[in-house]
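Student: I am new to this entry and would like some help reading it. Could we go through it together?

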Amino acid sequence: MGEVIVVTSGKGGVGKTTSTANIGTGLAMLDKKVVLIDTDIGLRNLDVVMGLENRIVYNLVDVIEGNCRIRNALIKDKRYPNLYLLPSAQTRDKTSVSPEQMKKLSDELKEEFDYILMDCPAGIEQGFKNAIAGADRALVVTTPEVSAVRDADRIIGLLEANEMKQTHLIVNRLRMDMVKRGDMMSSEDVCEILAVDLIGVVPDDENIVISTNQGEPLVGSDTMAGHAFMNICRRIIGEDVPLLDLTEKSSIFSKLFGKYRKN
Amino acid sequence: MAISFEGRDLTNEEQREILDIIQENTDMHIVCIIDNDAEREELFRKTLEQRLMELANNTGQFYKGILRSGASLEFETSVVIIGDVNHGARVVSKGNIIVLGALKGNAFAGATGNTNSFVVALDMRPMQIRIADTIARSPDKPVKEESKEAKIAFLEDGNIYIEPLTKSVLQDISL
């Protein structure tokens with residue numbers, strides 16, 4: 001029996017789709033059977049981030065409306081055979097699907113997959129309600145900025161009201177240099193305001209932009225963000241992994257050259 | 001059946017007499033007398049409101065949990081919130097509000113006009129506080145790291161004051 005995890009945030013642009021892609025790929029790398037579902041109907045982009053947009057024939061709305069079987073709509077990932085994507089529709093909108101239909105779909109997929117990741121759209125309306133319908137647990141993504149934290153607080157309140165059994169927090173795009181200067185909230189500050197267990201901190205990493213453009217999630221690679229996402233995946237499957245020390249950025253060489261540059 | 005006396009003003013004894021006559025001679029059961037005196041009605045209404053306000057201040061209930069952004073709670077009585085009130089959340093009470101945690105949202109005490117109502121918080125950093133008809137808002141530039149002590153917000157001379165909760169302030173509170 002699989003676990004349905006919804007990745008949500010409230011605010012747009014904080015990294016839900018990126019997190020869904022990376023966590024899903026990471027879980028597949030750890031030999032789990034994973035399916036990613038893009039529930040953002042009308043503004044789909046999980047397929048782009050995964051690099052699978054040219055393989056889409058059927059989508060989520062086709063499955064819900066009964067135009068095709070789930071098997072036909074699932075797209076196998078380029079790199080990992082145990083990772084699948086169920087893309088969203090670009091030509092419809094969020095009223096095309098109801099929460100009950102989503103629950104039925106996720107219940108069916110639970111029989112076959114270990115993890116079902118729902119990429120939730122921004123906002124608190126129909127799209128959000130659809131995405132949380134069948135979920136067993138939630139991952140709330142936020143950046144350490146006041147507006148994102150405020151929206152995350154609202155979302156956590158709504159998740160509590162909908163009796164979500166487990167909620168964890170991912171602090172994304174953290175910049176330790178700004179935190180040290182006191183210009184940015186630390187992950188501890190964010191956790192204090194939101195009062196939810198932290199499952200991972202992902203630093204701001206240029207490599208994310210590159211990996212998105214290339215359509216290849218960078219989880220597991222030797223980059224700060226890659227390590228952070230892999231740790232999150234390990235924590236999801238139950239391992240106890242200590243938080244990364246994000247201050248450990250520069251290598252010995254850059255420290256030496258840095259000294260020369262300052263002189 | 002309800003009865004109302006109009007035209008001539010009757011004293012209480014005269015009203016009693018009429019009621020007795022009706023009771024003896026008919027099968028009608030008079031449940032109440034409707035009073036059409038505007039002045040007396042106004043007096044009763046004021047007294048009732050006063051009593052209700054005092055009741056709101058003197059009775060209370062508890063609420064346990066964090067009030068998250070977007071949540072709005074309204075209480076007929078005073079309330080003790082065991083938890084935080086986050087930014088974007090709102091508490092409204094006809095009586096007093098006590099937050100055993102951080103107050104970062106909006107608190108509205110004395111909602112029906114009781115100017116004696118107060119707001120207490122262990123960590124007082126509200127967006128807006130309103131007591132009866134007066135609103136106060138937080139400063140535009142955040143004040144850097146004040147001491148984390150319990151504070152009370154109360155209304156005096158039409159202004160809302162926020163002061164640390166010391167013995168002398170406690171003595172000045174009237175319910």
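Tutor: We shall look at salt bridges and then at one helix. Please keep in mind that this is a predicted model.

Student: How many salt bridges does the structure hold over all chains?

Tutor: There are 21 salt bridges, counted over all chains.

Student: Which residue meets A:Glu65 in a salt bridge?

Tutor: The partner is A:Arg92, and the N to O distance is 2.7 Å. This pair links distant parts of the chain, since the two residues are 27 apart. A:Glu65 belongs to helix α3 (residues 60–65) of chain A, whereas A:Arg92 sits in the loop between β4 (83–86) and α5 (99–110).

Student: And how accessible are A:Glu65 and A:Arg92?

Tutor: A:Glu65 is partly exposed, at a relative accessible area of 40%. A:Arg92 is likewise partly exposed, at 35%.

Student: What does A:Arg71 form a salt bridge with?

Tutor: With A:Glu112; the closest N and O atoms are 2.9 Å apart. A:Arg71 lies in helix α4 (residues 70–73) and A:Glu112 in the loop between α5 and β5 (115–119) of chain A, so their bridge ties together parts that are 41 residues apart in sequence. A:Arg71 has a relative accessible area of 41% and is therefore partly exposed. A:Glu112 counts as partly exposed too, at 37%.

Student: Let us turn to chain B. Where do B:Arg45 and B:Glu49 lie?

Tutor: Both are in helix α2 (residues 38–58) of chain B, 4 residues apart, which is about one turn of the helix. Their side chains meet in a salt bridge with an N to O distance of 2.9 Å.

Student: Why would such a spacing suit a pair in a helix? What way do residues three or four places apart point?

Tutor: An α-helix has 3.6 residues a turn, so residues three or four places apart point the same way.

Student: Which residues are linked with B:Arg45 and B:Glu49 in a network of salt bridges?

Tutor: B:Glu42 and B:Lys46 join B:Arg45 and B:Glu49 in that network.

Student: Now the helix itself. How far does α2(B) reach from its first C-alpha to its last?

Tutor: The helix has 21 residues and reaches 30 Å, close to the 30 Å expected at 1.5 Å a residue.

Student: Which residues of α2(B) are buried?

Tutor: B:Met53, B:Ala56 and B:Asn57 are buried. Viewed down the helix axis, the buried residues fall within an arc of 95 degrees, so they line one face of α2(B).

Student: What do those buried residues pack against?

Tutor: They pack against β5 (78–82) of chain B.

Student: And what is on the other side of α2(B)?

Tutor: There, B:Leu43, B:Phe44, B:Leu48 and B:Asn58 are exposed.

Conventions: Residues are numbered from 1 along each chain as its sequence is written. Chains are lettered from A and ligands numbered from 1 in the order in which they are written. This is a predicted model: local features need pLDDT of at least 70, side-chain atom pairs count only at pLDDT 80 or more; totals for chains, interfaces and linings use all residues. Side-chain values use heavy atoms; hydrogens and water are left out. A salt bridge is a side-chain nitrogen of Lys or Arg within 4 Å of a carboxyl oxygen of Asp or Glu. Buried means under 20% relative accessible area, exposed over 50%, partly exposed in between (1.4 Å probe, protein chains only). The expected span of a helix is 1.5 Å times one less than its number of residues. The arc is that of the directions from the helix axis to the C-beta atoms. Contact means heavy atoms within 4.5 Å.
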